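Colleague: Could you take a close look at one part for me, the nonpolar patch on the surface, and then set it against the rest of the protein?

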Amino acid sequence: MFVCGSLAAVAQNSTNSPYTRYGLGDLSDQIFTNNAAMGGIGYGLRSNRNVNPMNPASYSSVDSLSFMFDAGFSLKASNYKEKGYKTNAKNSSFDYLVMQFRLHPRLGLAFGLTPYSTVGYTFSVTDKVIGNEDVMAMNTFTGEGGMQNVFLGLGFKILDNLSVGANIGYLFGKQTYQTTTTFSNKGDAFIKYDKRRTKSYKLDLGVQYTQTLNMDNKLTVGLVYGLGHDLSVSEQKGMQITDNGAFSNTTEKAFKDGYSIPHTFGAGVTYDLKNMLTVGLDYTLQKWSKAKYDNKEGAYNDRNRIALGAEYTPKKNGRNYAGRISYRVGAYYTSPYLKTIEGDGPKEYGVTAGFGFPLYLFQRRTMLSITGQYAKFKPTAANLLKEDRFVIKLGLTFNEPWFMKWRVN
């Protein structure tokens, strides 16, 4: 399928996976650095210390004094293996930027920028020309781009223990896919390309219900729904034929609205003990099997994700700094939504761990989160590409009392 030896060692894009050639690329789940350390849970998380766009109902938990500003960055190292070939790639990415504050005692607002999907790959395959085995043909596959989501979210507290919320987003981006075929006899080269531009919308709804069990224990259940719909996509597909480096012929056709995103359903539950320990479990179902790809359904599989995570903070307001650090751990499994020529895409297994370091500025707290993640991508067929990915995520949550009224005697 892929020739690992031809992969670029260092990539400018935020991914260098050949699997991003298929579908919409490598998907993002709006998982921030602190959530990622807990396996990527978030539907039932409710805190006034972090922004959590995974469930917009959580926005109502922000207190009246805080303005939160959250930004994230990732460093990735991937090891690839296929048919005896091994190589690696290193990437970096700016992951997200979001702000949150309270509009009303029962209403919180958030807005920001998060990725939806990423495309980035370069690899080559060389083989003999059928009918003329003295001539070798080399196909070079390249792709780049992705989609971003600019969103505005509101979370409203209906009752003291029941909140609802919504994220309304503008989904946009460009993806370019290209296949270049050259021949060992210096014959004409062929360039086949596909350029897509997306300008559409995204809508996610959420609800959270918290049940206090006793003075020290509470349980929060979260539900989310993401609207599936056709995307507004303009697409140009074409073929160029070259003659010794000069274009001798170009053909191109335009297409519109041949792609869609799936209906998404998510449920999660978290258990909080004494404001020290949080344990959570999430499940996500994305109905990709009903989504369109190139104007056709059936190009994808439904995507399932299960995540389990925990956070322990010995003493959030204690004098000992080590006691104020948040210790996080988690694990997750994701089934593939991609279908390739040889079979389904790879299953993803991951383990995570990280820390949240409080940084006291002015009168309140800012949090520096560091997360380590190991992910193993296991293909469904023996001859497909295998990947081991190591990720370091850095996140800074600036949480200061911008709306505090100072009293001067």
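Modeller: Sure. One term before the numbers: accessible areas here come from the Shrake-Rupley method with a 1.4 Å probe. On that basis the protein exposes about 19,800 Å², and carbon and sulfur atoms supply 59% of that area. Keep in mind that this is a predicted model.

Now the patch itself. Its members are Leu213, Leu219, Val221, Leu223, Val269, Val279, Leu281, Tyr283, Ile306 and Leu308, and together they have about 780 Å² of accessible area. Three elements give two or more residues each to the patch: strand S8 (217-226), strand S14 (277-286) and strand S15 (303-312). Take Leu219 as an example. It sits in strand S8, and because its relative accessible area is 30%, Leu219 goes down as partly exposed.

The patch is worth holding up against a general tendency: in soluble globular proteins, nonpolar side chains tend to be buried together. This model has that kind of packing as well. The largest nonpolar core has 21 residues, and the ones touching the most other members are Leu24, Tyr116, Trp288 and Tyr337. Apart from that core lies another one, of nine residues, including Tyr59, Val62, Met68 and Phe151. Back in the largest core, look at Trp288. Skipping residues up to four places away in sequence, Trp288 touches Leu24, Leu27, Tyr116 and Tyr337, and also Ser260, Pro262, Tyr300, Asn301, Asp302 and Arg303.

For a contrast with Leu219, go to Val391, in strand S19 (residues 386-400). Val391 counts as buried because its relative accessibility is 5%, and the cut-off for buried is under 20%. Beyond its neighbours within four places in sequence, Val391 is in contact with Ser74, Leu75 and Lys76, plus Thr371, Gly372 and Gln373. The pairing with Ser74 spans 317 residues in sequence, yet the C-alpha atoms are 6.8 Å apart.

Zooming out, there are two helices and 19 strands in the protein. Of contacts between residues at least 6 apart in sequence, 66% join residues at least 24 apart. Buried residues account for 48% of the 409. The C-alpha trace spans about 90 × 40 × 40 Å along its principal axes. As for the radius of gyration, the protein has 24 Å, which agrees with the value near 22 Å for a compact globule of 409 residues.

Notes: Residues are numbered from 1 along each chain as its sequence is written. This is a predicted model: local features need pLDDT of at least 70, side-chain atom pairs count only at pLDDT 80 or more; totals for chains, interfaces and linings use all residues. Side-chain values use heavy atoms; hydrogens and water are left out. Patches are made of residues with over 30% relative accessible area and no salt bridge: like charges are joined within 9 Å, nonpolar side chains (Val, Leu, Ile, Met, Phe, Trp, Tyr) within 5 Å. A salt bridge is a side-chain nitrogen of Lys or Arg within 4 Å of a carboxyl oxygen of Asp or Glu. Helices (H or I, at least four residues) and strands (E, at least two) are DSSP runs, numbered from the N terminus. Buried means under 20% relative accessible area, exposed over 50%, partly exposed in between (1.4 Å probe, protein chains only). A nonpolar core is a set of buried Ala, Val, Leu, Ile, Met, Phe, Trp, Tyr and Cys residues joined through side-chain atoms within 4.5 Å. Contact means heavy atoms within 4.5 Å. The radius of gyration is taken over C-alpha atoms; the globule rule is 2.2 Å times the number of residues to the power 0.38.
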